[in-house]
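Here is a short briefing on one protein model. Please keep the sequence and the 3D view open while you read.

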Amino acid sequence: MIQIPGLDEYIAQYPVYEYRIISTDNLPVEPRVRTVCQQECERYGTTWACPPGVGELDECEQFCHTYPRGVFFSTVAEVRDVLDMEEMLRTRSAHEEITDQINQYMSEKGLETFVLSTESCEICEECAYPKGPCRFPDQMHPCLEAYGIVVPEIVEREKMEYYLGGNTVLWFSLILFRSQ
Ligand code: SF4
């Protein structure tokens, strides 16, 4: 497995549950993931971080392949009630913060990165979509599902955990990277 110098030690300071460095060669991408976005997410079609604003699925897949590898990781959060969606979603910001920190670390190691995480972008109070271009394209992270990525399939392939039981939540990000 390719190593990123110091990543193990750096990641250890955060509640990262597991991580793997994966190849993008056989990234599982399926249109059905986007169908779920369209049918079940109120953010669909409202930001540049969501479909269809992120671009056609095949464009997104090809873009991912311009990065040969990615750091795929999960963080764990505890909630009072795992069925309380609002409470669960509140724990997402901590995951996003960790994603930003790891991304920054990788950039400082000289890697060119692109982040896919859990967000539909909430940087601006009102998204510029669709009238104007994204105001912060370097800071905005589309979510994995917007790119059609089948997260459970990566989890299974990599022999990672998808659910820990009890009142815990696992959040996932993929930081694609390449040498500059
Ligand atoms: S940074 Fe602003 S304009 Fe860009 S996707 Fe996020 S909310 Fe929309």
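**Exposed positions**

K159 is exposed, because only 8 other C-beta atoms lie within 10 Å and the cut-off for exposure is 12 or fewer. The model is a predicted one. The points below go from exposed sites to the core, helix 5, the ligand shell and backbone details.

- K159 sits in the loop between helix 6 and strand 4. Its phi is positive, at about 55 degrees, although K159 is not a glycine.
- H65 belongs to helix 3. H65 is exposed, since 11 other C-beta atoms lie within 10 Å. Its C-alpha atom is separated by 6.8 Å from that of D25, and the two residues are 40 apart along the chain.
- P152 is part of helix 6. P152 has 12 other C-beta atoms within 10 Å, so it is exposed. From P152 to P28 the C-alpha distance is 9.5 Å, with their positions 124 residues apart in sequence.

**Nonpolar core**

- The largest nonpolar core holds 32 residues. Those with the most contacts inside this core are A49, L116, L144, Y147, I149 and I175.
- Five elements are listed as giving two or more residues to this core: strand 2 (69-78), helix 5 (92-108), strand 3 (111-116), helix 6 (151-157) and strand 4 (168-179).
- Strand 4 contributes the most, with six residues.
- What does A49 touch beyond four places away in sequence? Its contacts there are V54, E119, S120, C121, M140, H141, P142, C143 and A146.

**Two strand positions: S173 and A77**

- S173 lies in strand 4. With 28 other C-beta atoms within 10 Å, S173 is buried, because the cut-off is 20 or more.
- Beyond its neighbours within four places in sequence, S173 contacts F73, T99, V115, L116, S117 and T118.
- S173 and S74 lie 6.6 Å apart, C-alpha to C-alpha, yet are 99 residues apart in sequence.
- A77 is in strand 2. Is A77 buried, exposed or partly exposed? A77 counts as partly exposed, since it has 18 C-beta neighbours inside 10 Å.
- Leaving out residues up to four places away in sequence, A77 touches T91, A94, T168, V169 and W171.
- The C-alpha atoms of A77 and I11 are separated by 16 Å, and these residues are 66 apart along the chain.

**Helix 5**

- How far apart are the end C-alpha atoms of helix 5? They are 24 Å apart. This agrees with the expected span, because 17 residues at 1.5 Å a residue should cover 24 Å.
- The buried residues in helix 5 include H95, I98, T99, I102, N103 and M106. Seen down the helix axis, the buried residues of helix 5 fall within an arc of 140 degrees, so they line one face.
- The face turned away from that buried side carries the exposed residues S93, E97, Q104 and E108.
- Which elements do the buried residues of helix 5 pack against? They pack against helix 1 (7-11), strand 1 (16-23), strand 2, strand 3 and strand 4.
- One of these contacts links helix 5 to strand 4: T99 is among the contacts of S173.
- G110 comes just after helix 5 and takes a positive phi of about 90 degrees.

**Ligand shell**

- There are 13 residues around the ligand. The nearest are W48, C121, C124, C127 and C134.
- What is the make-up of the shell around the ligand? It divides into eleven nonpolar residues, one polar and one charged.
- C121 appears in two lists: it is among the residues that come nearest to the ligand, and A49 touches C121.

**Cis peptide bonds**

- P51 and P52 are joined by a cis peptide bond, with omega about 0 degrees. P52 lies in the loop between helix 2 (31-40) and helix 3 (57-65).
- The bond from Y129 to P130 is also cis, with omega near 0 degrees. P130 is in the loop between strand 3 and helix 6.

Key. Residues numbered from 1 in each chain as written. Predicted model: local features only at pLDDT ≥ 70, side-chain atom pairs only at ≥ 80, totals over all residues. Core = buried A, V, L, I, M, F, W, Y, C linked by C-beta atoms within 7 Å. Helix = DSSP H or I, 4+ residues; strand = E, 2+ residues; numbered from the N terminus. Contact = placed C-beta atoms within 7 Å. Expected span 1.5 Å × (residues − 1). Arc of directions from axis to C-beta. Near = placed C-beta within 6 Å. Nonpolar A, V, L, I, M, F, W, Y, C, P; charged D, E, K, R; others polar.
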